[in-house]
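Please open the model in your viewer and switch to a cartoon view, with side chains ready to be shown when needed. The tour goes from one selection to the next, and each stop says what to look for.

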Amino acid sequence: MVLNWFYQSELDILGSVKNKNNTALNCDEDDEDGNDHDAEINKPSYDEMLKSFETIRGTSILAAPFPKSEDAGNHVEELSLGFGNRSAALFHLLKNEECLKDIDKAIEYDYPRDLRFKLLQRKGQCLMKLNQPAKAKDALHESLKLLEEARLDSKRIARQQKEIEVLIKTAEEMEQPKEDETHEDHILPLSYGPHPSIECSSAGIDVKYDKSKGRYVVANRTLTPGDTLFVEEPYASVLLPVHYPSHCHHCYTKALAVVPCHQCSQVRYCSQKCVDESWEKYHKWECGNLDSLHSVGIAHLSFRVILVTALSFIQENREELVKSSNSVYPFDFPDGKYRTDYFAVYHLVAHDDMPAEDTFQYALTALLLLMLLDKLSYFATLESQTLRERLISCNLNSKVGSAPSTPTHKSRSPVHSRLSVNSVEESEMPTGPASLEIFVGGLLLRHILQLICNANAITELQAAPQANNTSSVLNQRQVKVATGIYPSASLMNHSCNPTVISSFCKNVLIVRAISDVEPGHEVFNCYGPHYRRMPREDRQRALLEQYFFVCECDACINEDEREQRFQKVFTAHDMFVQGLQLAAKGNFKDALERLKKCHKIREKVMYKYNRHLSEVQDQLACCYASLDKMMLAVEYLRPTLVITEHIYGKNSIEYGNELQKFSDLLINAVHQATQEHAPCDQEFSRVCFQWIPSHVGVFGNEEADVLAKEGSALPSATSSELFTSEIYSIHKAIANSAWKNPPTHDWYARNRPGLSLQSVGTRSAQTAFARLRSGHIKSLKFIDKEKTYSSCPCSCPASPAHIIDCIGTSARQLWSGEGKGLVELERHGVMDLV
């Protein structure tokens, strides 16, 4: 029934496409007249249908039985047909690499031989587009051989043969590439090289130990913003269920052409490699039980840690794990090296000093997971006793991987001793060693207690258009897609004002410094509560409830000095939320008012590279773009590039997204500026060039002006002969005098394009108006070779575009009025800025 529904959905889409385009989507068939639909696709009106078809085909692939499975029955071709038809959609969507993978899958699952020539022809075309002519020729030659087995009449075979031969000739004429280039994700290298003793970390840091602080990370040299300190893959991680339909279950890549599990339809993969690795490490045990594992939350990751480690490793190293329970890894170990293996995970801090009620619930969860392992025959190599019999026959008081006990924890040990024995009394327990199952159960509980404090959220940057779809600016946000355990990065202690920031490439954690750290000073991470987002009381309460410590970082100690500033941050946040709500309703003018107030506060109280500052600048640009004021949008969006580059680096996807957004906005701004400053619709136009003071604030020019004025004040020498410089000065004085009395030509008094002055108003007013039009206004200053502007009465930078917007007019209205522009400038009190 499920398969019938999927295929009926496909037929509905095919019918819709056929009605709109007079063609069929199934590119593996020809019509009765022998016309090949590959060449008849009306692609511009076709993409949406292709994407819908690809989605349905992907879902049908997940539901189709595998040919060799017991439930396949007579449905042995459905899976291969699903891959084959999806490859057609991917081919016309220009997803050539994904198309090739689907073609290989279709052939692997025994695609019908009488139709296989079409697949190989499509494979050859994809390889040609990927500049692999040698492989393309092989595929096309094989397609020619299989054409003989096709159930077509002689006329159609001849036409198809001619088409393939043309493709072969084209492939032969292509230049052979030098080498096949592999496209891999660019991961930033570790700054200062890898550490010789700490895996996945930079040589610029060391790990120290102190009884009060435990293990912590310090700098062994001066660290600067942007230094990469950790690049680490998770020991184990779990994808959140909400992202199952869109992400690979193993590497968390967004998958377009998904590959199914051969046993269930619940998970998806990006490649067969991920399918095989996932099945070998953990999915063969989790398959069919994911709904149960979802219900236990973070304990699912504890379950995954045990599966990834493998029972054989636990059994071989059981005694060493028990003996090292009270040791400090790696300081109490012979080689002193910190490896990101199971020993590193085992020795992460496990907070067993939490309330007894919570500990009891976690213990029951560990028991539930242990029973699931037993049900899955995870311990099949052991003696054939039931789990309950083995629980009763062992001594639960022996060490089973629980956290090292301390004098303050002794009162809790009886709780742990009665967690899974039902009605059996502690006095009746034998004194023999704990069985392997009980040891694994203790490990499950230990990891649950560890992960509450040591698990990392794996995030990705997602960009989405505005809800009203009228803006050329995209919103961005970090979205949690999975949870993982990173042993090396977990060594960093918390500070409410951290010195590092984390980002992810798929499931790889990249930790970079965001501030200078002197040698011997500690490197701090933030566990969530940040001093710029939460008051001290809320931070202390959150850290105590989840991490069981009272934070004594500088931000918490010096909170009184920041309290007033922090209140302003909350006020700015409220303004920001109000602005977003107004913008969502299309009320952009009121939204701009709130967002400008938010921006003013955040500029004063936040670090210049704070992401929240770029967030409000991004929204201001979005509102201006929605109001079709592209130049103002460009001014607010430009600073976000600097902030994004500083936080994520030039090679990051975040910076690439910002550049793409900025370039799109610039294109619109240039087009708008061209339209606004277009010349009048006259057959002939006169242009008058008028000198105006320019380059205000340029140090060299201003110095030259000062020297010139000082020189002009000196008494002139008495001489009957004039030097060249004196002649030049006389002529310049005459030119200046003539400039103050403009010519009386009729064309000088009327409206014209260009920068010539109007005849209305005083000469100083006309000069100010021309300054504004040229962009060289008084408020323009050059600091370190960069343009800066004085503050407008509304506290924003008084750039020419902002001044025009602030007085509530447009460039077209300001230039076209007979003196009205000057009146507006004087009425709003901005003449001094111009």
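## First stop: a helix and its partners

Select Ala299, Phe303 and Leu307 in helix α10, and then add Thr365, Leu369, Leu372 and Leu373 in helix α14, because contact here means heavy atoms within 4.5 Å, and these are the residues through which α10 and α14 meet. Sorted by class, this contact of α10 with α14 holds six nonpolar residues and one polar residue, with no charged residues. Keep in mind throughout that what you see is a predicted model.

Now widen the selection to the whole of both helices, residues 299-309 for α10 and residues 356-375 for α14, which pack at an angle of about 45° with their axes 10 Å apart. That angle makes α10 oblique to α14, and the crossing in which α10 passes α14 is right-handed.

Which residues of α17 does α10 meet? Keep α10 on the screen and select helix α17, residues 436-454, whose packing with α10 has an angle of about 130° and axes 8 Å apart. The two helices α10 and α17 are therefore oblique to each other, and here too α10 passes its partner, α17, in a right-handed crossing. If you show the side chains, Ala299, Leu301, Ser302, Phe303, Val305 and Ile306 of α10 are found in contact with Val440, Leu443, Leu444, His447, Ile448 and Leu451 of α17. By class, that contact of α10 with α17 has ten nonpolar and two polar residues, and no charged ones.

Before leaving α10, colour the helix by burial: ten of its eleven residues are buried, so that α10 is mostly covered. Among the buried residues are His300, Arg304 and Thr309, as well as Phe303 and Leu307. Just after the helix, select alanine 310, which follows α10 and has a positive phi, near 85°.

## Second stop: a hairpin

Move next to strand β10, residues 500-505, and to strand β11, residues 508-513, which pair in the antiparallel sense over six bridges. To follow the pairing, select valine 500 and look across to alanine 513 in β11, which stands opposite to it.

Is β10 mostly covered or mostly exposed? Strand β10 is mostly covered, with five of its six residues buried. Finish at the turn of the hairpin, where two residues lie between β10 and β11, and select lysine 506, which takes a positive phi near 60°.

Definitions and conventions. Residues are numbered from 1 along each chain as its sequence is written. This is a predicted model: local features need pLDDT of at least 70, side-chain atom pairs count only at pLDDT 80 or more; totals for chains, interfaces and linings use all residues. Side-chain values use heavy atoms; hydrogens and water are left out. Axes are lines fitted to C-alpha atoms, for helices over the stretch in contact, and angles run from 0 to 180 degrees between N-to-C directions. Helices (H or I, at least four residues) and strands (E, at least two) are DSSP runs, numbered from the N terminus. Angles under 35 degrees count as roughly parallel, over 145 as roughly antiparallel, 65 to 115 as roughly perpendicular and the rest as oblique. A crossing is left-handed if the near helix is turned anticlockwise from the far one by less than a right angle, and right-handed if clockwise. Ala, Val, Leu, Ile, Met, Phe, Trp, Tyr, Cys and Pro count as nonpolar, Asp, Glu, Lys and Arg as charged, and the others, Gly among them, as polar. Buried means under 20% relative accessible area, exposed over 50%, partly exposed in between (1.4 Å probe, protein chains only). Two strands pair if DSSP finds at least two bridges between them.
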